[in-house]
Amino acid sequence: MNTADVLADAFGRVQESVHEAVDGLSAEDLGAQLDSGANSIAWLVWHLARVQDDHVADASGQEQVWLDQGWADRFELPFTDTETGYGQSAGQVAQVRADAALLTGYYDAVHERTVDFVRGLDDAALDRVVDEAWSPPVTLGVRLISVIGDDMQHVGQAAFVRGSLERR
């Protein structure tokens with residue numbers, strides 16, 4: 001197994017977990033907040049997909065799937081098209097409403113673009129600096145691992161919310 005295969009496998013695990021957290025739930029359940037300040041499953045999955053889409057598009061020099069494939073129009077959210085959810089208020093979190101097909105459809109499109117990109121990488125490509133705003137500057141390898149880590153945390157939170165809702 002090479003580096004590209006490891007990255008593709010990790011992103012595949014995110015995709016599987018997204019489907020496990022979302023599939024079979026109603027739009028009402030996906031939008032439910034366990035308390036007034038909590039993130040919903042819909043927001044968590046939308047946010048992790050948006051961040052992955054944003055970061056992979058930037059690293060690969062492509063337009064975001066969100067814009068390129070019309071997902072921003074399909075979601076009809078009251079945010080700018082560049083919004084990823086970072087730093088949003090509880091009120092903004094509550095505005096992310098979507099059904100399971102929309103959430104997984106968008107994530108699957110982001111996943112496909114991501115895997116196409118990472119499968120073409122070699123070890124040397126991972127050393128390329130993609131963000132000089134940090135000290136030390138962020139390399140492509142560090143950025144991709146960061147996205148995987150954040151995605152797994154958010155999808156784990158979504159699974160927790162799903163379990164809480166199912167026990168009610």
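Which helix gives the most to the lining of the largest pocket? I put this to the structure first, noting that the model is predicted.

**Entry 1. The pocket**

I found that helix 8 contributes the most to this lining, with seven residues. I recorded a volume of about 390 Å³ for the largest pocket. Its lining comprises 17 residues, and His55, Trp134, Arg143, Ser146 and Asp150 lie nearest the centre. I then looked up which elements give two or more residues to the lining, and they are helix 3 (41-60) and helix 8 (140-167). Sorted by class, the lining holds seven nonpolar, five polar and five charged residues.

**Entry 2. Helix 3 with helix 8**

I turned next to how these two helices pack. The axes of helix 3 and helix 8 are 9 Å apart, and the packing angle is about 170 degrees. Angles over 145 degrees count as roughly antiparallel, and helix 3 and helix 8 are therefore roughly antiparallel to each other. On the helix 3 side I listed Ile41, Leu44, Val45, His47, Leu48, Gln52, His55, Val56 and Ala59. They meet residues of helix 8 that include Leu140, Arg143, Leu144, Val147, Asp151 and His154. I noted that this contact has 13 nonpolar, five polar and three charged residues. His55 and Arg143 belong to this contact, and both are also among the residues that lie nearest the centre of the largest pocket.

**Entry 3. Helix 3 with helix 7**

Are helix 3 and helix 7 parallel or antiparallel to each other? I found their axes to come within 10 Å and to cross at roughly 25 degrees. Angles under 35 degrees count as roughly parallel, and so helix 3 and helix 7 are roughly parallel to each other. The crossing of helix 3 past helix 7 is left-handed. From helix 3, the residues in contact include Ala42, Val45, Trp46, Leu48 and Ala49. From helix 7, I listed Leu103, Tyr106, Tyr107, Val110, His111, Thr114 and Phe117. By class, I recorded 12 nonpolar, four polar and two charged residues in the contact of helix 3 with helix 7.

**Entry 4. Helix 1 with helix 7**

I looked up helix 1 (residues 3-22) and helix 7 (residues 100-119), whose axes come within 9 Å and cross at roughly 175 degrees. That angle makes helix 1 roughly antiparallel to helix 7. Among the residues making the contact are Ala4, Leu7, Phe11 and Gln15 of helix 1, and Leu103, Tyr107, Asp108 and His111 of helix 7. The residues of this contact divide into 12 nonpolar, six polar and three charged.

I singled out Gln15, which is found in helix 1. Setting aside its neighbours within four places in sequence, I found Gln15 in contact with Tyr107, Asp108 and His111. Gln15 and Gly149 are separated by 134 residues in sequence, and their C-alpha atoms are 13 Å apart in space.

**Entry 5. Backbone in the loops**

Where do the backbone angles call for a note? Most residues other than glycine have a negative phi, and most peptide bonds are trans. Against the first part of that rule, I noted Glu76, which has a positive phi of about 50 degrees although it is not a glycine. I placed Glu76 in the loop between helix 5 (71-75) and helix 6 (90-94). Against the second part, I noted the cis peptide bond that joins Ser135 and Pro136, with omega about 5 degrees. Pro136 lies in the loop between strand 1 (129-131) and strand 2 (138-139).

Note on methods:
Residues are numbered from 1 along each chain as its sequence is written. This is a predicted model: local features need pLDDT of at least 70, side-chain atom pairs count only at pLDDT 80 or more; totals for chains, interfaces and linings use all residues. Side-chain values use heavy atoms; hydrogens and water are left out. On a 1 Å grid over the protein atoms alone, a cavity is a set of points where a 1.4 Å probe fits but cannot get out, and a pocket is an open set with protein on both sides within 12 Å along at least five of seven lines; lining residues have an atom within 4 Å of a point. Grid points are joined across faces, edges and corners, and a volume is the space filled by probe spheres set on the points. Helices (H or I, at least four residues) and strands (E, at least two) are DSSP runs, numbered from the N terminus. Ala, Val, Leu, Ile, Met, Phe, Trp, Tyr, Cys and Pro count as nonpolar, Asp, Glu, Lys and Arg as charged, and the others, Gly among them, as polar. Axes are lines fitted to C-alpha atoms, for helices over the stretch in contact, and angles run from 0 to 180 degrees between N-to-C directions. Angles under 35 degrees count as roughly parallel, over 145 as roughly antiparallel, 65 to 115 as roughly perpendicular and the rest as oblique. Contact means heavy atoms within 4.5 Å. A crossing is left-handed if the near helix is turned anticlockwise from the far one by less than a right angle, and right-handed if clockwise.
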